[in-house]
Amino acid sequence: MKYSFVIPCYNSENTITVVVDEIMQTMKQLGFESDIYEIILVNDYSKDNTKQIIMKLSNLYTCVKYISLSKNYGQEAACLAGYRHAAGEFIINMDDDGQTPPKEVGKLISKIDEGYDVVYAHYPNKHHSNFRNFGSRLNDLMSEKLIGKPKGIYLGTYNIMRRFVIEEIIKYENPYPYIRGLVLQITRNIVNVDVDHNDRLAGESNYTLKTLLKIWMNGFTAFSIVPLRISIVLGLLASLFSFILIIYAVVAKINNPTSELGWASTVSIISFFAGVILIVLGMIGEYLGRVYICINKTPQYVERESSYEQK
């Protein structure tokens, strides 16, 4: 098996058939027969008929396999489920909505043949919503500052990786996977290649503010202690601020013994320090909570059924 396509699917009943058909047409145009690639569709507990459609595709085409998860675990976990079944020398990740165009996969394949370990698609003209674009830029900045992403490299959901990278990624067994962080721990031999970006074939993006916040939290709590160091800096700044206020109060009292600092300033100072303390405690609590969940061996995902059980 030369290539494995891994596609996490969520509520994509109107798009996934088109995506699969385009992959097969593109691979045929590139001169690849269906016996050297596979398409792994991972149903992340969709609420529509996605499961039935990918099962039908699996029965219709020998190169198509499906995995169905027992509940919605998120895109990262769905990708890991696909990776653990992938047999290809190269693993290609793409979305189920048609925005990551299969017709451009030849560019990724050609680029990785130059010797890179991972190739990420880069979109000169993105067709995402303003909210999604803002989230991507914020995630990009977070990746640079917290987990050491090389500046100028875009890490997206359309990519191709060598087998050894995937083998290292699937060793991660904790319940908070963040694939970009895992990739950066394994290799820096990463490059971008420009590809087109399509409009969604149907429906709206499943990325909400809650989803993006969850991804960010997974990124910096699982692969960085920078937030804890930031909390230390906040504590030092708060202490410095307090020291300055004490000096100010003493000097003011000396210059004007009859003056009163007032309850409003006292309450403001107390509120400020209480807020800093709560932020630091919340950050520590988030880390400890995740450690506790990891110790309890909470699963990344549970496969309810798959085409692999039938063969």
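**Group meeting: a walk through the sheet and its side-chain contacts**

Let's start with one residue, N43, which is buried, with a relative accessible area of 2%. Keep in mind that this is a predicted model. Where does N43 sit? It is in strand 2, which covers residues 37-43.

What does the side chain of N43 touch through a polar contact? The partner is the side chain of S46, at 2.7 Å. Now leave aside the neighbours within four places in sequence. N43 is then in contact with C9, T50, K51, I54, I67, S68 and L69. Hold on to two of those names, K51 and L69. Both come back shortly.

Next, the sheet. It is an open sheet of 8 strands with mixed pairing. The order is 7-5-6-4-1-2-3-8. Which strands stand at the edges? They are strand 7, residues 190-194, and strand 8. Each has a single partner strand, so one side of each is left without a neighbour in the sheet. On average, neighbouring strands here are turned by 20° against each other, direction ignored.

A general word on pairing. Strands of a sheet pair through backbone hydrogen bonds, either parallel or antiparallel. Which way do strand 3 and strand 8 run? They run antiparallel, and 3 bridges join them. Take L69, from the contact list of N43. In strand 8, the bridge partner of L69 is E303.

Now the salt bridges. How many are there? The count comes to 8. I'll show you three pairs.

Pair one is K65 with E38. The closest N and O atoms of this salt bridge are 3.4 Å apart. K65 lies in strand 3, residues 64-69, and E38 lies in strand 2. So the pair ties together parts that are 27 residues apart in sequence. Are these two residues buried or exposed? K65 is buried, and so is E38.

Pair two brings back K51, another contact of N43. K51 forms a salt bridge with E305, with the closest N and O atoms 2.5 Å apart. K51 lies in helix 2, residues 50-60. E305 lies in strand 8, residues 303-306. Here the pair ties together parts that are 254 residues apart in sequence. K51 counts as partly exposed because its relative accessibility is 22%. The cut-off for buried is under 20%.

Pair three is E114 with K111. Their side chains meet in a salt bridge at 3.5 Å, N to O. How do the two residues stand for exposure? E114 counts as exposed, at 54% relative accessibility. K111 counts as partly exposed, at 22%.

Let's move to a loop. Where is T157? It is in the loop between helix 5, residues 130-146, and strand 6, residues 159-162. T157 is buried, with a relative accessible area of 15%. Its side chain is joined to that of D95 by a polar contact of 3.0 Å.

Last stop, helix 7, residues 179-186. How many of its 8 residues are buried? The number is 6, so this helix is mostly covered, given that buried means under 20% relative accessible area. The buried ones are I179, R180, G181, L182, V183 and L184.

To close, go back to N43 in strand 2. Its contacts include K51 and L69. K51 leads to E305 through a salt bridge. L69 leads to E303 in strand 8 through a bridge. That's my tour.

Technical notes:
Residues are numbered from 1 along each chain as its sequence is written. This is a predicted model: local features need pLDDT of at least 70, side-chain atom pairs count only at pLDDT 80 or more; totals for chains, interfaces and linings use all residues. Side-chain values use heavy atoms; hydrogens and water are left out. Helices (H or I, at least four residues) and strands (E, at least two) are DSSP runs, numbered from the N terminus. Buried means under 20% relative accessible area, exposed over 50%, partly exposed in between (1.4 Å probe, protein chains only). A polar contact is a pair of N or O atoms within 3.5 Å; within protein, one must be able to donate a hydrogen and the other to accept it, and residues adjacent in sequence count only if both atoms are side-chain atoms. Contact means heavy atoms within 4.5 Å. A salt bridge is a side-chain nitrogen of Lys or Arg within 4 Å of a carboxyl oxygen of Asp or Glu. Two strands pair if DSSP finds at least two bridges between them. Axes are lines fitted to C-alpha atoms, for helices over the stretch in contact, and angles run from 0 to 180 degrees between N-to-C directions.
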